[in-house]
Amino acid sequence: MDSAGQDINLNSPNKGLLSDSMTDVPVDTGVAARTPAVEGLTEAEEEELRAELTKVEEEIVTLRQVLAAKERHCGELKRRLGLSTLGGLKQNLSRSWHDMQVSNAYKKTQETLSQAGQKTSAALSTVGSAISRKLGDMRNSATFKSFEDRVGTIKSKVVGDRENDSDSLPSSAGSGDKPLSDPAPF
């Protein structure tokens, strides 16, 4: 039985069959025969080395065939189990993301960004407090009080006019006895 022409994978459904897509690397023994012998080797040693080289090259071809058969079998098992390439890709990405998260560089970057966020939050809080304080000071100023009084006067004139004209406004059912409610103060 020629082992180079057989599928060595005993679990494979294609036992003994070779794929047409597999190509063997031809061994050109003529090139080896044409090269001059290395000085210091006898003809017997040279012949022994050539035989060993041929044997190793044949083993490489056999191993390639075995690997191809194993890959086909693996693909068939994945197909039967419903494992897709997309699922494998998602699993690889998930594993890579996890590996990145546990890396020292990620942890240091996360810590630095966290500290920067805390400092930014504290700075914005300080700015907010300063603005709030300034607005409070401005509201207590004479200019703002004067402005507020004028707006209140205008508002009372507008609302007062509406209250006087309330008899002419259509009222909703049952609300004729109730005066119009004053909206929230300005």
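Reader: Which residues make the nonpolar surface patch of about 370 Å²?

Author: In this predicted model, the nonpolar surface patch is made by Val-127, Ile-131, Leu-135 and Met-138, and its area is about 370 Å². To place one of these residues, Val-127 is found in helix H4, which covers residues 104-139.

Reader: Is Val-127 buried, partly exposed or exposed, and why?

Author: The class follows from the relative accessible area, because a residue under 20% is called buried, a residue over 50% is called exposed, and a residue in between is called partly exposed. Val-127 has a relative accessible area of 47%, so this residue is partly exposed.

Reader: How many helices and strands does the protein chain have, if I step back from the patch?

Author: The protein chain has five helices and zero strands, and the order of its elements, read from the N terminus, is α-α-α-α-α. Of its 186 residues, 6% count as buried, while the chain exposes about 15,900 Å², with carbon and sulfur atoms supplying 58% of that area. Among contacts with a separation of 6 or more, 56% are between residues 24 or more positions apart.

Reader: Which residues does the annotation "coiled-coil region" cover, and how should I read it beside the model?

Author: An annotation comes from a record, and it can be set beside what is computed from the atoms. The UniProt record, an unreviewed entry, gives "coiled-coil region" for residues 39-73. Over residues 39-73 the chain of the model is 89% helix and 0% strand, with the end C-alpha atoms 48 Å apart.

Reader: How many salt bridges does a search of the whole structure find?

Author: The general idea is that side chains of opposite charge can pair when their charged atoms come close. In this structure the search finds three salt bridges. One of them joins the side chains of Arg-50 and Glu-46, with an N to O distance of 2.6 Å. Both residues lie in helix H2, which covers residues 43-81, and they are four residues apart, about one turn of the helix. Glu-46 counts as buried, because its relative accessibility is 16%.

Reader: Where do Glu-76 and Arg-79 lie, and how many residues apart are they?

Author: Glu-76 and Arg-79 both lie in helix H2, three residues apart, which is again about one turn of the helix. Their side chains meet in a salt bridge at 2.5 Å, N to O. With a relative accessible area of 28%, Glu-76 is partly exposed, whereas Arg-79, at 56% relative accessibility, counts as exposed.

Reader: What is the N to O distance in the salt bridge of Glu-148 and Arg-139?

Author: The side chains of Glu-148 and Arg-139 meet with an N to O distance of 3.5 Å, and the cut-off for calling such a pair a salt bridge is 4 Å. Glu-148 counts as partly exposed at 28% relative accessibility, and Arg-139 counts as partly exposed at 45%.

Reader: Why is the pair of Trp-97 and Tyr-106 called edge-to-face?

Author: The name depends on the angle between the ring planes, because planes over 60 degrees apart count as edge-to-face. A search of the whole structure finds one aromatic pair. The rings of Trp-97 and Tyr-106 have their planes at 75°, with their centres 6.1 Å apart, and therefore the pair is edge-to-face. Trp-97 counts as partly exposed, at 46% relative accessibility, and Tyr-106 also counts as partly exposed, at 25%.

How values were computed: Residues numbered from 1 in each chain as written. Predicted model: local features only at pLDDT ≥ 70, side-chain atom pairs only at ≥ 80, totals over all residues. Heavy atoms only, no water. Patch = residues over 30% accessible without salt bridge, like charges linked within 9 Å, V, L, I, M, F, W, Y side chains within 5 Å. Areas by Shrake-Rupley, 256 points an atom, 1.4 Å probe, with all protein chains shown as cover. Helix = DSSP H or I, 4+ residues; strand = E, 2+ residues; numbered from the N terminus. Buried < 20%, exposed > 50% of the residue type's maximum accessible area, 1.4 Å probe, protein only. UniProt positions renumbered as here; feature names shortened; annotations may be inferred. Phe/Tyr/Trp six-rings, centres within 6.5 Å; stacked < 30°, edge-to-face > 60°. Contact = heavy atoms within 4.5 Å.
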